[in-house]
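Welcome! Here is a short tour for anyone meeting this structure for the first time. Take a look at it below, and then read on.

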Amino acid sequence: INNKYGEPQAKLAEASMESLVDRQNYASYHFHEYKKILGDSLDSEQDNANMVIKAIVLTNEQPSIYSPLVKISANIFALVLNLHGLIDTLAHVLCYGAGLNLGEEPLTGINIRGNRVQEKLALLDNFKEVSKILCSIRSNKDVVYLNALVNYSKHRSVLKPELNVHVRNY
């Protein structure tokens, strides 16, 4: 990027690449915090009765900023926001790496979005395969669901997580 577009462009790409790593780390942190609050019994098949009791207690408690259910909700919300942000940040990395923010009809500001970057990359011979990969990521059913969940939570109402436990018969 530095050789082709210069140092300012390379710095833009570098900042976005660092953000990709940061978002992965933040998502991982919030996932582990959520699991830590629930306890290791999530991973243990033998402790189903205690997990059921814990889920009932957490679900029926009065919310306060210190309650485990609020902490779980906050961590899940932060987790999905960071996962959602990974795709947007990847679009910026690709935009700066391909120089889509330069030249005629540049992508800038709020126009640097996954769909716009994907469309522009498809027009460049060296980036057609990258465009296809970005398309497959963006159209993945789990990513589509994540986007809908985050957009609903950002613009309408924060969704409250429900705790469900599946008890297997042995």
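**A first look**

E105 counts as exposed, because its relative accessibility is 63%, above the 50% cut-off. This residue sits in the loop between helix 4 and helix 5, a part of the chain that we will come back to. Please keep in mind that the model is predicted.

**The overall picture**

- The secondary structure of the protein consists of 7 helices and 0 strands.
- Read from the N terminus, the elements follow the order α-α-α-α-α-α-α.
- The protein has 170 residues, and 31% of them count as buried.
- Among contacts with a separation of 6 or more, 59% are between residues 24 or more positions apart.
- The accessible surface adds up to about 11400 Å², and carbon and sulfur atoms hold 55% of that area.

**Where helix 4 meets helix 5**

- Helix 4 covers residues 68-98 and helix 5 covers residues 114-122; the two pack at an angle of about 35°, and their axes are 9 Å apart.
- The crossing of helix 4 and helix 5 is left-handed.
- On the helix 4 side, the residues that meet helix 5 are A91, L94, C95 and A98. Their counterparts in helix 5 are G114, V117 and L121.
- Sorted by class, this contact between helix 4 and helix 5 includes 6 nonpolar residues, 1 polar residue and no charged ones.

**The loop between helix 4 and helix 5**

- E105 has a phi near 50°, which is a positive value in a residue other than glycine.
- L107 also belongs to the loop between helix 4 and helix 5. Is L107 buried or exposed? L107 is buried, because its relative accessibility of 1% is under the 20% cut-off.
- Setting aside neighbours within four places in sequence, L107 is in contact with C95, L100, N101, I112, R116, V117 and K120.
- One of those contacts is C95. L107 and C95 are 12 residues apart in sequence, and their C-alpha atoms are 7.7 Å apart in space.

**Two cysteines to look for**

- C95, which we met in the contact of helix 4 with helix 5, has 0% relative accessibility and therefore counts as buried.
- C135 is partly exposed, because its relative accessible area of 33% falls between the cut-offs of 20% and 50%.
- How many disulfides does a search of the whole structure find? The search finds 0 disulfides.

**Two more buried residues**

- H30 is part of helix 2, which spans residues 7-38. With a relative accessible area of 18%, H30 is under the 20% cut-off and so counts as buried.
- Which residues does H30 contact, leaving aside its neighbours within four places in sequence? They are N75, A78, L79 and N82.
- S131 lies in helix 6, made up of residues 128-139. S131 counts as buried because its relative accessibility is 6%, which is under 20%.
- Not counting residues up to four places away in sequence, S131 touches Q118, L121 and A122. Among these, L121 is also one of the helix 5 residues that meet helix 4.

Conventions. Residues are numbered from 1 along each chain as its sequence is written. This is a predicted model: local features need pLDDT of at least 70, side-chain atom pairs count only at pLDDT 80 or more; totals for chains, interfaces and linings use all residues. Side-chain values use heavy atoms; hydrogens and water are left out. Axes are lines fitted to C-alpha atoms, for helices over the stretch in contact, and angles run from 0 to 180 degrees between N-to-C directions. Helices (H or I, at least four residues) and strands (E, at least two) are DSSP runs, numbered from the N terminus. A crossing is left-handed if the near helix is turned anticlockwise from the far one by less than a right angle, and right-handed if clockwise. Contact means heavy atoms within 4.5 Å. Ala, Val, Leu, Ile, Met, Phe, Trp, Tyr, Cys and Pro count as nonpolar, Asp, Glu, Lys and Arg as charged, and the others, Gly among them, as polar. Buried means under 20% relative accessible area, exposed over 50%, partly exposed in between (1.4 Å probe, protein chains only). Accessible areas come from the Shrake-Rupley method with a 1.4 Å probe; for residues, only the protein chains shown count as cover. A disulfide is a pair of cysteine sulfur atoms within 2.5 Å.
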